[in-house]
Amino acid sequence: MISGGTIMERFIIHELDDSIRSILRGALDERKLSRSVLCREFEFNCFGVALDFEKGIVRVQDILCPGEDDFIDVPIQDFIVICALE
Amino acid sequence: MGGAASFLDGVQATRDYFAPYEYTQGQRVADSFSSQTYPGDVNPIKDYGTTAAKYALQVALIKGAGKLAAGPGSSVLVEGVPGGGIASGTKGTVGENVIKALPAPRQIDASWSASSYKKGGVMTGIEHVFYRHGPGSGFANVSKFSKGTSVNDVSTFVDNALRYGKITPSGPGGHVIEYDAGKVIGVGISGIPTSKIKVNVPNGVILTAFPY
């Protein structure tokens, strides 16, 4: 677990970069092209990101040292804005 | 008069001191490199090579942080002429120059320890690094160290990062350290080669390290 800050803040500061944005954009594009794409999950160096298109939420999880408060659920549209994926 | 006598005595003493090297030792030394003129059981070329190797090792160890003061066998460092010893004209004191040759202290206390990971369960930090970020790791979307990277290599990268890297506090007791190793050490998530390493240290434990 990377201490301090919310999981979302830590994900953005310490993990999110252009290559991860590209991967996440690719998943969002897949969903745009086909409604049969229901979810996509990725595990990066420190965080996991699960896009649940049916529920419309993204779960960002600390995968290094999982615990009770190791994830946060964010609406997909908010996630897109926060992570500058548009 | 007394001063002149002392001066002449000094000149003579100096001549005596250097005499064997100037007039006789030169040929002896030259002879010693020939197996025909040097029948002894010690090979001077081999010995010279050994001494040279020791000298090279010492120079390599200090990595240019200073120069050997008194030739092979000495660990005293000065910034003067190589082999010149602690002569006049050298800069600084011995103490100051020795300090220059030592690595910087770690900026934060951190050690390898066991942790529970989502991937792989309980393992040490270095095990996690090779399990998830090793050259042969099968995980997608993660950074990986270059083929041939050893445990010692990673340990050195991390140690250098802790000494010279940029440290970003990440909450109470947590730090993220970024360091440029100066050479390609692996690939980032995108697969592009990189020389940078990122180390996560929550509460003094080196949790992970990977190229980025």
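Tutor: Let's start with a rule: two residues are in contact if their C-beta atoms, placed from the backbone, lie within 7 Å. Keep in mind that this is a predicted model.

Student: Okay, so which residues does B:Val158 touch?

Tutor: Leaving out residues up to four places away in sequence, B:Val158 touches B:Val199, B:Ile206 and B:Ala209.

Student: What makes B:Val158 part of a nonpolar core?

Tutor: A core takes buried residues of certain kinds, Val and Ala among them, joined through C-beta atoms within 7 Å. B:Val158 is in the largest nonpolar core, which has 37 residues, and is listed with B:Ala161, B:Val199 and B:Ala209 as having the most contacts inside it. Therefore B:Val158 counts as buried, with 20 or more other C-beta atoms within 10 Å of its own.

Student: Which elements give two or more residues to this core?

Tutor: From chain A, α2 (18-33), β2 (47-52) and β3 (57-62); from chain B, α5 (151-164), β8, β11 and β13. The top giver is α5(B), with five residues.

Student: How many residues does each chain bring to the contact between A and B?

Tutor: Chain B brings 23 residues and chain A brings 19 residues. On the chain B side, β4 (114-117), β8 (174-180), β11 (196-202) and β13 (208-211) each supply at least two, and β4(B) gives the most, with three residues.

Student: What kinds of residues make up the side of chain B that touches chain A?

Tutor: Eight are nonpolar, 13 polar and two charged. Gly counts as polar, so any Gly there goes into the polar group.

Student: And how much of chain B counts as buried?

Tutor: Of its 212 residues, 23%.

Note on methods: Residues numbered from 1 in each chain as written. Chains lettered and ligands numbered in written order. Predicted model: local features only at pLDDT ≥ 70, side-chain atom pairs only at ≥ 80, totals over all residues. Helix = DSSP H or I, 4+ residues; strand = E, 2+ residues; numbered from the N terminus. Buried ≥ 20, exposed ≤ 12 C-beta atoms within 10 Å, placed from the backbone.
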